[in-house]
Amino acid sequence: MIGVLTVLLLAYALLIAVPFMPGIEIGVSLLILKGAAIAPLVYLATVLGLLIAFAAGRFLPHGWLHGMLADLRLERACLLVDRLAPMTREERLSHLTDRAPRWLRPLIGAWRYPLLAALINVPGNAVVGGGGGIALTAGFSRLFRPGWTALTVALAVAPVPLIVWLTGTTDLLP
């Protein structure tokens, strides 16, 4: 049984890392099936999966992404990738902040880590890529430092497994 559980947790970590994959449902299913005993492991697998997606984004070559976007005929996205590729972190942040709606600018600049946590937790985030897609994009943007991102992800995904673990019940889950 431990072997099956390990495989499920590893599969869950890899699935949640994939953009547009509703992997969180697997984590919730594991919590419902096994309850509080598995909550810490589901938490660790969730954090691991999102950090895998973030790392993949950090190391994703601009040329590869440009090629994929060109194949999908997303010309404006291709132009944005081309424009951002040679920029430094500060130039990239300034460019993206200037193009954002006025109300969103402070969040992109000074509050980008809390914004990342909120995006990971927003219901329906699968529309914008799910947790894996959001983490991959954050990594690719090169605007997020790995240590701070790991802390942000660890805090962002903690509430549900923590509640299940502390209360011993899954009655609060959808």
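Which residue has a side-chain polar atom 3.2 Å from the backbone oxygen of R142? In this predicted model, that residue is R89, whose side chain carries the polar atom in question.

## R142 and its surroundings

R142 is placed in the loop that runs between helix 9 (130-141) and helix 10 (146-156). Although R142 is buried, no salt bridge is found for this residue, and D82, the nearest side chain of opposite charge, is 12 Å away. Because a salt bridge requires a side-chain nitrogen of Lys or Arg within 4 Å of a carboxyl oxygen of Asp or Glu, the 12 Å to D82 does not meet that criterion for R142.

The side chain of R142 does, however, reach a backbone atom, namely the oxygen of F140, at 2.8 Å. R142 thus appears in two such pairs, with its side chain directed to the backbone oxygen of F140 and its own backbone oxygen lying 3.2 Å from a polar atom of the R89 side chain. When neighbours within four places in sequence are left aside, the contacts of R142 are G57, R58, L60, H62, R89 and R92.

## R89 in helix 6

R89 belongs to helix 6, which spans residues 89-99. With a relative accessibility of 22%, R89 counts as partly exposed, whereas R142 is buried. Beyond the neighbours within four places in sequence, R89 is in contact with R58, R142, L143, F144 and R145; R58 is also listed among the contacts of R142. Between R89 and P101, which are 12 residues apart in sequence, the C-alpha to C-alpha separation is 20 Å.

## The largest pocket

The largest pocket holds about 1400 Å³ of space. Its lining consists of 39 residues, of which G133, T137, A138, F140 and S141 are the closest to the centre. Two or more lining residues come from each of helix 4 (62-71), helix 5 (75-84), helix 6 (89-99), helix 8 (112-121) and helix 9. F140, one of the residues closest to the pocket centre, is also the residue whose backbone oxygen is reached by the side chain of R142.

## L15 in helix 1

L15 is found in helix 1, which covers residues 2-17, and its relative accessible area of 27% makes this residue partly exposed. Apart from neighbours within four places in sequence, L15 is in contact with M21 and I26. L15 and I26 are 11 residues apart along the chain, and their C-alpha atoms are separated by 8.8 Å.

Technical notes
Residues numbered from 1 in each chain as written. Predicted model: local features only at pLDDT ≥ 70, side-chain atom pairs only at ≥ 80, totals over all residues. Heavy atoms only, no water. Helix = DSSP H or I, 4+ residues; strand = E, 2+ residues; numbered from the N terminus. Buried < 20%, exposed > 50% of the residue type's maximum accessible area, 1.4 Å probe, protein only. Lys, Arg positive; Asp, Glu negative; His and termini not counted. Polar contact = N/O pair within 3.5 Å; in protein donor to acceptor, adjacent residues only side chain to side chain. Contact = heavy atoms within 4.5 Å. 1 Å grid on protein atoms, 1.4 Å probe; cavity = no way out; pocket = protein on both sides within 12 Å on 5 of 7 lines; lining within 4 Å. Points joined across faces, edges and corners; volume = space filled by probe spheres on them.
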